[in-house]
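Please read this report alongside the sequence and the model. It takes up a loop proline, two sheets, the packing and the empty spaces.

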Amino acid sequence: MKTIVLTGGGTAGHVTPHLALLPHLLAAGYQVHYIGTAKGMERGMMEGRAGVSYHSVPTGKLRRYFSWQNLTDPFRVLAGAFQAYGLLGKIRPDIVFSKGGFVAVPVVAAAALRGIPVLAHESDLSPGLANRISLRFAGRVATAFPECAPLLGEKGIHTGLPIRESLLAGDRQRGLTLAGFKGEKPVLLVMGGSQGAKAINEALRAALPQLLNQMDILHLCGKGHLQEDLQGMPGYFQAEFLGEELPDALAACDLVLSRAGATAIFEFQALGKPMLLVPYPKGASRGDQIENAHSLAGRGLAHVLAQEELTPDSLAQALVGLGAQADQLRAALAAAPPADGRQAVLEMIEEMAASRGR
């Protein structure tokens, strides 16, 4: 029986591609192990899933700023590498698949020491710090963005991003019923990430009088960000987040307003949804969302509004413009290379896993 170790964590974007691959790996007969941290988001998302054995290792955070913990975390990474080395010796996987994040570094380093093939995947346009470190240990690095593969030299290959099949199977009518919409106007879906996006929430709500005569709005505002005085407003539905109903909401929407995290925008691309992206500003991040957003805009797949330019009026104007060009954007999205990289990544896993037995 084939065995695979999955690793990656720190954000949901480092875990959801694993969830996209998991049913296919299990169907192909793999024993699946996941190595993450003891308290990270990845544990809550992966531990207890049928067919998955979860293991935790210590690790340090890879910071780009001064912190006294930068003096001690290298030792935690080293301890994590020793522990991962021992785990891999017991599990004896045919391959390690890494989605990056700080927990992946000791795991891929230990795999390389044991001669286990490592396939890494980079979701953003430019490689994150963890994947830049992991590059020396990986045999290949799959990329979601076509621009990223050349940055990784001969190890880089563009595949797209593994996308959860369930997201592609939503029902439009169920989504409309959930929100209480009749389907007579275009539906705008607003997402700001798992915690919501305060700047987007505030600008959108202030722009509602300008927008609701032209579109219905399904607003996923993040935990703790419901606005009670807007409950029941015709044409406006708000929820902190959606779980099983999210595919139906995606099927119901005609337009999307979102941050520019890689996982989200590739899911929207795979669904052919015209997007207005408000990337997380530089200074509050390494600028990866800005790069992601402008890559899609440069290929005619999305519109971008910088957070520095975000006001209720500029947002309303940008959303009206998005609706006016929705048909052109849908055509460009349909003509673009496939966003869903599940099959390409699964084929690389099979090829690299088989190479170990040769």
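## A buried proline in a loop

Pro279 sits in the loop between strand 12 and helix 10 (288-298). Helices (H or I, at least four residues) and strands (E, at least two) are DSSP runs, numbered from the N terminus. This is a predicted model, in which local features need pLDDT of at least 70 and side-chain atom pairs count only at pLDDT 80 or more, while totals for chains, interfaces and linings use all residues. Residues are numbered from 1 along each chain as its sequence is written, and side-chain values use heavy atoms, with hydrogens and water left out.

Is Pro279 buried or exposed? Pro279 has 5% relative accessibility, so it counts as buried. Buried means under 20% relative accessible area, exposed over 50%, and partly exposed in between (1.4 Å probe, protein chains only). The C-alpha atoms of Pro279 and Arg259 are separated by 4.9 Å, with their places 20 residues apart along the chain. Beyond its neighbours within four places in sequence, Pro279 is in contact (heavy atoms within 4.5 Å) with Arg259, Ala260, Gln289, Ile290, Ala293, Val304, Leu305 and Gln307.

## The six-stranded sheet

Strand 12 belongs to an open sheet of six strands, in the order 10-9-8-11-12-13. The pairing is parallel. Two strands pair if DSSP finds at least two bridges between them. Strand 10 and strand 13 (302-304) each have a single partner strand, so one side of each is left without a neighbour in the sheet. Neighbouring strands here are turned by 15 degrees against each other on average, direction ignored. Axes are lines fitted to C-alpha atoms, for helices over the stretch in contact, and angles run from 0 to 180 degrees between N-to-C directions.

Strand 11 (residues 255-258) and strand 12 (residues 275-277) run parallel and are joined by three bridges. Leu257 stands opposite Leu276 in strand 12.

## The seven-stranded sheet

Another open sheet has seven strands, in the order 3-2-1-4-5-6-7, again with parallel pairing. Strand 3 (52-56) and strand 7 (156-158) are at the edges with a single partner strand each, so one side of each lacks a neighbour in the sheet. The average turn between neighbouring strands is 25 degrees, direction ignored. Strand 1 and strand 2 pair in the parallel sense over five bridges. In this pair, Leu6 stands opposite Tyr34 in strand 2. Strand 2 (residues 31-36) is mostly covered, with five of its six residues buried.

Strand 4 (residues 95-98) and strand 5 (residues 118-122) are parallel and share three bridges. Val96 stands opposite Val118 in strand 5. Five of the five residues of strand 5 are buried. Val118, Ala120 and Glu122 point one way from the strand, and Leu119 and His121 the other way. Helix 13 (residues 342-356) lies across strand 1 (3-7), strand 4, strand 5, strand 6 (140-143) and strand 7. The helix runs at about 160 degrees to strand 5.

## An exposed arginine

Arg92 is in the loop between helix 3 (73-91) and strand 4. Its phi is near 55 degrees, a positive value in a residue other than glycine. Arg92 has a relative accessible area of 64% and is exposed.

## Nonpolar cores

A nonpolar core is a set of buried Ala, Val, Leu, Ile, Met, Phe, Trp, Tyr and Cys residues joined through side-chain atoms within 4.5 Å. The largest has 57 residues. Phe145, Leu218 and Met275 have the most contacts inside it. A second, separate core of 27 residues includes Ile200, Leu255, Val278 and Ala318.

Outside its neighbours within four places in sequence, Met275 touches residues including Val256, Ile265, Phe268, Leu296 and Leu333.

## Pocket and cavity

Both kinds of space are found on a 1 Å grid over the protein atoms alone: a cavity is a set of points where a 1.4 Å probe fits but cannot get out, and a pocket is an open set with protein on both sides within 12 Å along at least five of seven lines. Lining residues have an atom within 4 Å of a point. Grid points are joined across faces, edges and corners, and a volume is the space filled by probe spheres set on the points.

The second largest pocket holds about 230 Å³ of space. It is lined by 17 residues, of which Gly180, Phe181, Pro234, Gly235 and Tyr236 are the closest to its centre. Strand 10 (residues 236-239) gives the most to this lining, with three residues. The structure has one cavity of 30 Å³ or more. The largest cavity holds about 40 Å³ of space. Its lining includes Ala144, His158, Phe266, Arg299 and Pro337.
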